[in-house]
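This report walks through one protein model, from its overall build to the contacts between individual side chains. Please keep the sequence and the structure in view while reading.

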Amino acid sequence: MGVTCSRRHKGRVTLLSLERRGLIGSIPPQIGNLSFLRGINLAENIFQGEIPHEIGRLSRLRFLNLSNNALQGEIPGNLSFCSNLEVLNVSDNMLVGKIPNSLETLGMKRLNTLFLESNKLTRTIPKWLGNASSLIQLSLSSNKLHGSIPVQLQKLQNLSYLVVANNNLSGVVPLAIYNLSSLIVLSLAFNQLHGQIPNDIGLTLPNLQFIFCGTNYFTGRLPVSLSNASQLKQIRFEYNNFNGPVPPNLGRLNALEWLNLEGNNLKGEML
């Protein structure tokens with residue numbers, strides 16, 4: 001698509017869509033002068049250096065996709081001035097530091113998609129994310145985040161995609177997370193989480209299609225109610241400390257494509 005200009009305001013650039021163009025070098029700070037920009041997509045190039053702070057000037061910006069580059073440094077806190085931002089995707093880079101607290105103002109407005117996965121982000125998952133009431137998709141996987149999953153995430157009633165896999169998270173998953181009935185994808189794998197999966201998870205998460213809890217320290221029995229989540233396509237509970245029988249009715253999940261329960265202390269057969 002390249003560069004799109006406004007029909008109403010001649011000569012004003014409203015969209016930069018330059019993904020997969022083999023572009024190299026740094027993102028020029030002059031991008032902040034394009035005040036009519038509504039969308040920036042520079043994904044899957046070879047951009048290096050830092051994310052220009054000047055992007056924070058773009059008050060009309062609705063989506064920003066800088067994923068799959070080689071960007072370094074921290075996430076600019078002044079992105080919070082992009083008050084119309086709905087999608088922020090800076091995944092698959094080499095970004096460091098913590099998730100800026102200043103982004104809370106975006107979460108309280110229009111932000112519905114936040115993809116920060118596959119970077120080198122540290123510290124904890126910020127509690128303020130629970131105030132991002134418009135969030136539908138949240139991915140923080142494959143970073144260096146530690147601590148527990150904040151109970152405040154229970155307030156994200158529109159959340160359909162929660163991915164925090166492959167970090168250093170520990171503790172018990174707040175029970176209220178399993179009550180986010182809009183969830184389609186729940187990925188907690190490759191952490192140090194423990195506790196039990198609620199018995200009624202198949203009833204409280206009726207829309208669930210993918211659940212990844214592998215390589216943690218979960219204990220107890222596998223919930224029989226999983227068979228009630230009729231849209232389940234993938235169940236991965238491998239390498240935990242589950243025990244007891246395999247719920248026999250799992251074999252009746254018609255949409256199921258992948259089931260991995262290895263590395264536990266389970267027994268029995270599925271019907």
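## Overall build

The secondary structure of this protein consists of two helices and 22 strands, and it should be kept in mind throughout that the model is predicted. Along the principal axes, the C-alpha atoms occupy a box of roughly 65 × 35 × 35 Å. The radius of gyration is 21 Å, and a compact globule with 271 residues would have a value near 18 Å, so the two agree. Of the 271 residues, 50% count as buried.

## The parallel sheet

Six strands make up an open sheet in the order 12-14-16-18-20-22, and the pairing is parallel. The edges are formed by strand 12 (146-147) and strand 22 (265-267), each of which has a single partner strand, so one side of each is left without a neighbour in the sheet. As background, strands of a sheet pair through backbone hydrogen bonds, in either a parallel or an antiparallel manner.

Going across the sheet from strand 12, two bridges join this strand to strand 14, and His146 stands opposite Asn168 of strand 14. Strand 14 is in turn joined to strand 16 by three bridges, with Gly171 standing opposite Leu193 of strand 16. Three bridges also connect strand 16 (residues 192-196) with strand 18 in a parallel run, where Gln196 has Thr219 as its bridge partner. Thr219 also stands opposite Asn241 in strand 20, and strands 18 and 20 are joined by two bridges. Finally, three bridges join strand 20 to strand 22, and Gly244 has Leu266 in strand 22 as its bridge partner.

## The two faces of strand 14

In a regular strand, the side chains alternate between the two faces of the sheet. Strand 14 (residues 168-172) has a covered face with Leu169 and Gly171, whereas Asn168, Ser170 and Val172 belong to the uncovered face. Two of these residues also appear in the bridging described above: Asn168, from the uncovered face, is opposite His146, while Gly171, from the covered face, is opposite Leu193.

## Aromatic contacts

The structure contains four aromatic pairs. In one of them, the ring centres of Phe210 and Phe212 are 6.2 Å apart and the planes stand at 50°, so this pair is tilted. Another, Phe218 with Phe242, is stacked, with 6.3 Å from centre to centre and 10° between the planes. This stacked pair links distant parts of the chain, since Phe218 lies in strand 18 (residues 217-220) and Phe242 lies in strand 20 (residues 241-245), 24 residues apart.

Both partners are buried: Phe218 has a relative accessibility of 1%, and Phe242 has a relative accessibility of 0%. Together with Phe237, Phe218 and Phe242 form one aromatic cluster. Elsewhere, a ring meets a charge, as the charged end of Arg60 sits over the ring of Phe36 at 4.1 Å from its centre.

## Salt bridges

Side chains of opposite charge can pair when their charged atoms come close. Two salt bridges are counted in this model. Arg20 forms one with Glu44, the closest N and O atoms lying 3.5 Å apart. This pair links distant parts of the chain, with Arg20 in the loop between strand 2 (13-17) and strand 3 (24-26) and Glu44 in the loop between strand 4 (39-41) and strand 5 (46-48), 24 residues apart. Arg20 is exposed, with a relative accessible area of 55%, and Glu44 counts as partly exposed at 40% relative accessibility.

The other salt bridge brings together the side chains of Glu238 and Arg236, at 2.7 Å from N to O. Here Glu238 is buried, because its relative accessible area is 4% and the cut-off for a buried residue is under 20%.

## Cysteines

How many disulfides does a search of the whole structure find? The search finds zero. A disulfide is a covalent bond between the sulfur atoms of two cysteines. Among the cysteines, Cys82 counts as buried at 0% relative accessibility, and Cys213 is likewise buried, with a relative accessible area of 0%.

Notes
Residues are numbered from 1 along each chain as its sequence is written. This is a predicted model: local features need pLDDT of at least 70, side-chain atom pairs count only at pLDDT 80 or more; totals for chains, interfaces and linings use all residues. Side-chain values use heavy atoms; hydrogens and water are left out. Rings of Phe, Tyr and Trp (its six-membered ring) pair if their centres lie within 6.5 Å; planes under 30 degrees apart count as stacked, over 60 as edge-to-face and the rest as tilted. Helices (H or I, at least four residues) and strands (E, at least two) are DSSP runs, numbered from the N terminus. Buried means under 20% relative accessible area, exposed over 50%, partly exposed in between (1.4 Å probe, protein chains only). A charge sits over a ring if NZ of Lys or CZ of Arg is within 6 Å of the ring centre and within 35 degrees of the ring normal. A disulfide is a pair of cysteine sulfur atoms within 2.5 Å. Two strands pair if DSSP finds at least two bridges between them. A salt bridge is a side-chain nitrogen of Lys or Arg within 4 Å of a carboxyl oxygen of Asp or Glu. The radius of gyration is taken over C-alpha atoms; the globule rule is 2.2 Å times the number of residues to the power 0.38.
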